[in-house]
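Got your viewer open and a selection box ready? Let's walk through this one stop at a time, picking residues as we go.

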Amino acid sequence: MHKILVVEDEKKIARYLQLELTHEGYAVEIAYDGREALEKHEREKPDLMVLDLMLPGLSGIEVCRRIRQKDGLPIIMLTAKDDVSDKVMGLDMGADDYMTKPFAIEELLARIRVALKRRPAPPDEAQSAHILTSGPLTLDRDSRSVHWNQELIQLTKKEFDLLEHLMAHQNVALSRDDLLSKVWGYEYSGDTNVVDVYIRYLRLKLDDHYHVKLIHTIRGVGYLLKYEEA
Ligand code: CA
């Protein structure tokens, strides 16, 4: 089910939109001002935002700008009929579409459907991020370097590959077999001791050296990377 965040300070309109959108089968969250909109965008991870530009405090334009700095959430702006400058600014700030008030609900629903279809698939962060971080630990895939704060950590190729895989899947318990096939490839299949050996190397260079808990053993499964101050 798609989740829509409606940002509208006029309670009657917000309520009306909530009813109509719920009726259409969407999950609906309401924010009554710009700050709440940004909070709910973070917390609720909506699939689309219907954003009234005339808001108290933080304006709709500013909300739009800040969200665009973070992600490509489809945004349909609601503007006053004669406010051309708002409309232009909103589109400049990266809104996908706009509707002038008053609008026919059918038209808004149609535009929501279009915007949701156009929505690009979310990038697979594990694949696309060049820099992985966990607490003070930073791994740069391009330069294949690892730093603890500003300090460079010397890793062998396999240590780096293993750490990269663990960092790309933080908070996920990874089995020894999985690590073996992803990091060493199939030719090592079966010999999971090598995983334990390299985990020990990494722990010496990271957990023990910096006195933190980073690589956790998950009994009966394998390992999980999660930064915790010791
Ligand atoms: Ca308003």
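## Stop 1: a proline in a loop

Start by selecting P102, which sits in the loop between β5 (97-101) and α5 (105-118). This is a predicted model, so keep that in mind as you click around. Show the backbone there: the peptide bond from K101 to P102 is cis, with omega near -5°. For background, most peptide bonds are trans.

## Stop 2: zoom out

Now select the whole protein chain. It holds nine helices and twelve strands. Along its principal axes, the C-alpha trace spans about 70 × 35 × 30 Å. The radius of gyration of the chain is 24 Å, where a compact globule of 230 residues would come in near 17 Å. Colour by accessibility and 44% of the 230 residues count as buried. If you like contact maps, take the contacts between residues at least 6 apart in sequence: 52% of them join residues at least 24 apart.

## Stop 3: the parallel sheet

Back to where we began, since β5 belongs to an open sheet of five strands, ordered β2-β1-β3-β4-β5 with parallel pairing. Which strands stand at the edges? Those are β2 (27-31) and β5; each has a single partner strand, so one side of each is left without a neighbour in the sheet. From one strand to the next, the twist averages 20°.

Next, select residues 48-52 and 75-80. These are β3 and β4, which run parallel and are joined by four bridges. Label M49 and you'll find I75 of β4 opposite.

Then add the helices. α5 packs on this sheet and touches β1, β3, β4 and β5, with its direction at about 170° to that of β5. Helix α2 (residues 34-44) lies across β1 (3-7), β2 and β3, running at about 145° to β2.

## Stop 4: the antiparallel sheet

Hide all that and bring up residues 131-153. Here four strands make an open sheet in the order β6-β7-β8-β9, and the pairing is antiparallel. The edge strands are β6 (131-134) and β9 (151-153); each of them has a single partner strand, so one side is left without a neighbour in the sheet. The twist averages 25° from one strand to the next.

Focus on β7, residues 137-140. On one side, β7 runs antiparallel to β6 through four bridges, and L139 is the bridge partner of L132. The hairpin of β6 and β7 has two residues between the strands, and G135 takes a positive phi near 60°.

Now turn to β8 (residues 145-148): four bridges join β7 to this antiparallel partner. T138 faces H147 in β8, while D140 has S145 as its bridge partner.

Switch on side chains for β7. Which residues are buried? L137 and L139 are, and they point to one face, while T138 and D140 point to the other and are not buried. As a rule, side chains in a regular strand alternate between the two faces of the sheet.

## Stop 5: two residues with positive phi

Pick R144 next. The hairpin of β7 and β8 has four residues between the strands, with R144 in the turn. R144 has a positive phi of about 50° although it is not a glycine. At 40% relative accessibility, R144 counts as partly exposed.

Then jump to H211, in the loop between α9 and β11 (212-218). H211 also isn't a glycine, and its phi is near 55°. Is H211 buried or exposed? It is exposed, with a relative accessible area of 61%. For context, most residues other than glycine have a negative phi.

## Stop 6: two helices on the sheet

Finish by showing residues 157-168 and 193-210 together with the antiparallel sheet. Helix α7 (157-168) packs on the sheet and touches β6, β7 and β8, its direction making about 110° with that of β7. Helix α9 (193-210) lies across β7, β8 and β9, at about 145° to β9.

How do the two helices meet? Their axes, those of α7 and α9, come within 10 Å and cross at roughly 85°, which makes α7 roughly perpendicular to α9. Select K158, E159, L162, L163 and L166 in α7 and you'll see them meet Y198, I199, Y201, L202, K205 and L206 in α9. By class, this contact has eight nonpolar, no polar and three charged residues.

Key:
Residues are numbered from 1 along each chain as its sequence is written. This is a predicted model: local features need pLDDT of at least 70, side-chain atom pairs count only at pLDDT 80 or more; totals for chains, interfaces and linings use all residues. Side-chain values use heavy atoms; hydrogens and water are left out. Two strands pair if DSSP finds at least two bridges between them. Axes are lines fitted to C-alpha atoms, for helices over the stretch in contact, and angles run from 0 to 180 degrees between N-to-C directions. Contact means heavy atoms within 4.5 Å. Angles under 35 degrees count as roughly parallel, over 145 as roughly antiparallel, 65 to 115 as roughly perpendicular and the rest as oblique. Ala, Val, Leu, Ile, Met, Phe, Trp, Tyr, Cys and Pro count as nonpolar, Asp, Glu, Lys and Arg as charged, and the others, Gly among them, as polar. The radius of gyration is taken over C-alpha atoms; the globule rule is 2.2 Å times the number of residues to the power 0.38. Buried means under 20% relative accessible area, exposed over 50%, partly exposed in between (1.4 Å probe, protein chains only).
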